[in-house]
Amino acid sequence: MLSIVEQDHGTPRRDSDKFVTLTIDGREITVPAGTSVLRAASEAGIKIPKLCATEQLEAFGSCRLCLVNIEGMRGMPASCTTPVAAGMRVATQNPQLADVRRGVMELYISDHPLDCLTCPANGHCELQDMAGAVGLREVRYGYDGANHLDQPKDTSNPYFTFDPSKCIVCSRCVRACDEQQGTLALTIQGRGFESKVAASQNVSFMDSECVSCGACVQACPTATLSENTLIAKGQAEHSVVTTCAYCGVGCSFRAEMQGEEIVRMVPKKDGHANHGHSCVKGRFAIGYATHSDRITKPMIRAKITDPWREVSWQEAIAYAASELKRIQATHGRDSIGGITSSRCTNEETYLVQKLVRAGFGNNNVDTCARVCHSPTGYGLKQTMGESAGTQNFDSVMRADVIFVIGANPTDGHPVFASQMKRRLRQGAQLIVADPRRIDLVRSPHISAAQHLKLRPGTNVALINSLAHVVVTEGLVKEDYVAARCDLDSFEKWRQFVALERNSPEQMAAITGVPAANVRAAARAYATAKNAAIYYGLGVTEHSQGSTMVMGIANLAMATGNVGREGVGVNPLRGQNNVQGSCDMGSFPHEFPGYRHVSDDAVRGLFERAWGVGLQNEPGLRIPNMFEAALDGDFKGLYIEGEDIAQSDPNTQHVTAALTAMECIIVQDLFLNESAKFAHVFLPGSSFLEKDGTFTNAERRISRVRRVMQPKSGYADWEITQLLSNALGYAMNYRHPSEIMDEIARLTPTFAGVSFARIEELGSIQWPCNEQHPSGTPTMHIDTFVRGEGKFLVTEYVPTSEKITARFPLILTTGRVLSQYNVGAQTRRTHNNAWHEEDRLEIHPHDADERGIADGDWVGIASRAGETVLRARVTERVQPGVVYTTFHFPESGANVITTDNSDWATNCPEYKVTAVQATRVTQPSEWQKRYRAFTDLQEHLLKSADAGK
Ligand code: SF4
Ligand code: SF4
Ligand code: SF4
Ligand code: FES
């Protein structure tokens, strides 16, 4: 439990090798050069009144409250905008300064409502604090003059209220939106007394470009911008630091609490991944945790057409265990398996794979990373020797060229996108490779130098043509390659990419990208002092996902762009703990730390530690489990925190496989799509209800801390432990920290990690061991983890998913900012105000040809199935390409996607499906069946409720 208010030194910290000594109020103080006088004083414990300054933003110098006297300088300079100088002598307190400050405060207060006692900011209002600090006792002008007190409130945003009657026009909100968020949605309109804060062109917040990140709310020193929960509930009485459970950025938050109730989530200023920033999901979309749809009691049923029966934990666990044992006795040891989720903590995921390997006695464990970043793990391991990104997020601030491939950071990784945009506004060059015009291509003060608008499915052709330019135009960093890479493999690769068939001119017919743009992009990337690649699921979710990851690694190594700050190969991981779930050994072929199950030494280590014999062959991957289920060989599945019936491709194939099983155990918060096929429901806990760790896209391990008791009585790791014990494999952990201790004992890259060490350092980027006791922000600095960087030949092989006269369009999929993945959490929050349905984006040309108008219902048919969505006609997509999101189950986006997958890892080819789109008037047959089945399952759930 930590203090509620974080200290604010007024201006940002400066990092400098040079230090400056000055005297403030007679005290000698030494700070880094470039520090403001205000900050230098504050760090030394000398408080200078301030209002327009905050350490999250550059100083602006508008309120005139922080005035000081500086020997040799005329007048009273603002300490927030005055940098320190050697030998400077500053006085912060004297009667003259006090008079001026009181005068400033008098003017503010004369135009401010005097409702402090009922104001939501009461007790943490900086205006109130400053009135006290300057000793304001009376307002000589009275309160009857012209004022702004009758300004109407803007309540359009579901999460915060704008009450302009309380605004002191300090512009902190405007600067937060500009500097921190990079959306530039706010302005100060008018001058002098008329000046006021306006969203966009003076519209409501909801109608403006605002993306509801909340940075302005956090920056506001008064109650002008306040969270609605704060207005409704009042001040928190304690706070707990934890980590966001949505995306792979891994933002650190203070959960401000009243007892067990959250008042608000405030991003932590010294959060290593987010530096005090957040997005709409992490800050506001937490209502799902207490939503009435939460199931908090265990339930069982014999058949999926039976009503659910609410039972005790004891009965549920005993039933689940007996069913798993019965299935194994009848159908063999390998007839059951487990799936864990990237939403779970490291400790929970570790326990699930341990349960499967040691308790079930097989290696049939897999994770949702199978369907997103498994090619990253494979491709980076093959080329560089480690299945993870190479940098920390802050590294982007040293990049001169930023190359974004198949990622949409402003929607998928918003807080990192804000940091990236900051660097781009400072002048770094941007290259985007994406079939669609993502927001980053053109946003305020940012314009991509190149947007390589490739056809979906042609990534490898594009990366080869970029490499061709590097190799044939003499842009290889020869000395770097000679010193650090495997030269045989490099020569093979060099000869391959130099082939004329890989030239941008030849490849243009495949990729659709003009050769001149490819050449320009390759030159910019290869000749930059520091060039960094950031990529996402647009790289991995292809039949050649692993090949593309290797192609990216090849390009980065050939140009010397790995092993220092500002460069690197950076997978933007989708879910909060994708990195961690892979690290924890949740793939069927690997123990924690990416060590193959066939390695006798490693297996021996785990056998001794766990006291059981372990299989030496990889188990079933998720798609193999489905196949085996349909073949009648796979009958029981334990699923923790994952919704395969919605998130995996070819839904009808998945649901047929689920229907074929005899015992499906789902551990989750809600009756999700998979739970509709389940026989045992074990109520899980949200991230707010448990202790543990998440590992973000930077390999950063951060603490998740319990802020409220588990609603079902148990945290998820405890439920896994109960099941394991009931199966006869004993687990006796008393706290998740003991699980992490075991992970550290058995995994060299985690050897130095413990809850105590994380507490000490705030967070740790693995590897963390004897060589790197404080973690590893940048990887592969002197040598690659595998020794020499290995180049792999990346032949372009077109996907078998071809467009034809019957299916002439390519469907590709993605996400939006406000919803998260299958939407189970965000759909149960006010985030629906931004995105209440999945729509099909279609180019005007394709829409016209089919007589489709914006908002029309459109049937989308593929070789796998058919669904119906409403159309959004837009030039964001290119002709021949349609796009949708997959946040709502009834949209059936995955009814259309096929079984095609990456050759190396089986990661589904979500990004390329040949489809036809036609105007229709009613839901698809699948949607009708889905509705009927869902109605039945909701009815069967109500039976359990009725029996309470
Ligand atoms: S919530 Fe974020 S995007 Fe919206 S106005 Fe405030 S700072 Fe800008
Ligand atoms: S809304 Fe708040 S932060 Fe913005 S100008 Fe007004 S008082 Fe300052
Ligand atoms: S950027 Fe990601 S981790 Fe950060 S608040 Fe948003 S969803 Fe959470
Ligand atoms: S705090 Fe320095 S001028 Fe406002």
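Trainee: In this predicted model, which class, nonpolar, polar or charged, has the most residues in the lining of the largest pocket?

Mentor: The pocket in question has a volume of about 1500 Å³, and of the 40 residues that line it, those closest to its centre are R13, D15, H275, D394 and R422. When the lining is divided by class, eight residues are nonpolar and 15 are charged, while 17 belong to the remaining class, which is polar.

Trainee: Which element gives the largest share of the lining of the largest pocket?

Mentor: The elements that give two or more residues to this lining are α4 (172-181), α12 and β30 (764-765). The largest share amounts to three residues, and the element that supplies them is α12.

Trainee: How many charged residues are there in the shell around ligand 1?

Mentor: Ligand 1 is surrounded by residues including F160, C177, Q181, C210, C213 and C216, and both α4 and α5 (215-219) supply at least two residues of this shell. By class, nine of the shell residues are nonpolar and three are polar, and the number of charged residues is none.

Trainee: Which residue is the charged one in the shell around ligand 3?

Mentor: Around ligand 3 the shell has nine nonpolar, two polar and one charged residues. The surrounding residues include C244, C247, C251 and C279, together with K281, and the elements that give two or more residues to this shell are α7 (280-284) and α12 (414-425). Because Asp, Glu, Lys and Arg count as charged, the charged residue in this shell is K281.

Notes
Residues are numbered from 1 along each chain as its sequence is written. Chains are lettered from A and ligands numbered from 1 in the order in which they are written. This is a predicted model: local features need pLDDT of at least 70, side-chain atom pairs count only at pLDDT 80 or more; totals for chains, interfaces and linings use all residues. Side-chain values use heavy atoms; hydrogens and water are left out. A residue is near a molecule or strand if one of its heavy atoms lies within 4 Å of it. Helices (H or I, at least four residues) and strands (E, at least two) are DSSP runs, numbered from the N terminus. On a 1 Å grid over the protein atoms alone, a cavity is a set of points where a 1.4 Å probe fits but cannot get out, and a pocket is an open set with protein on both sides within 12 Å along at least five of seven lines; lining residues have an atom within 4 Å of a point. Grid points are joined across faces, edges and corners, and a volume is the space filled by probe spheres set on the points.
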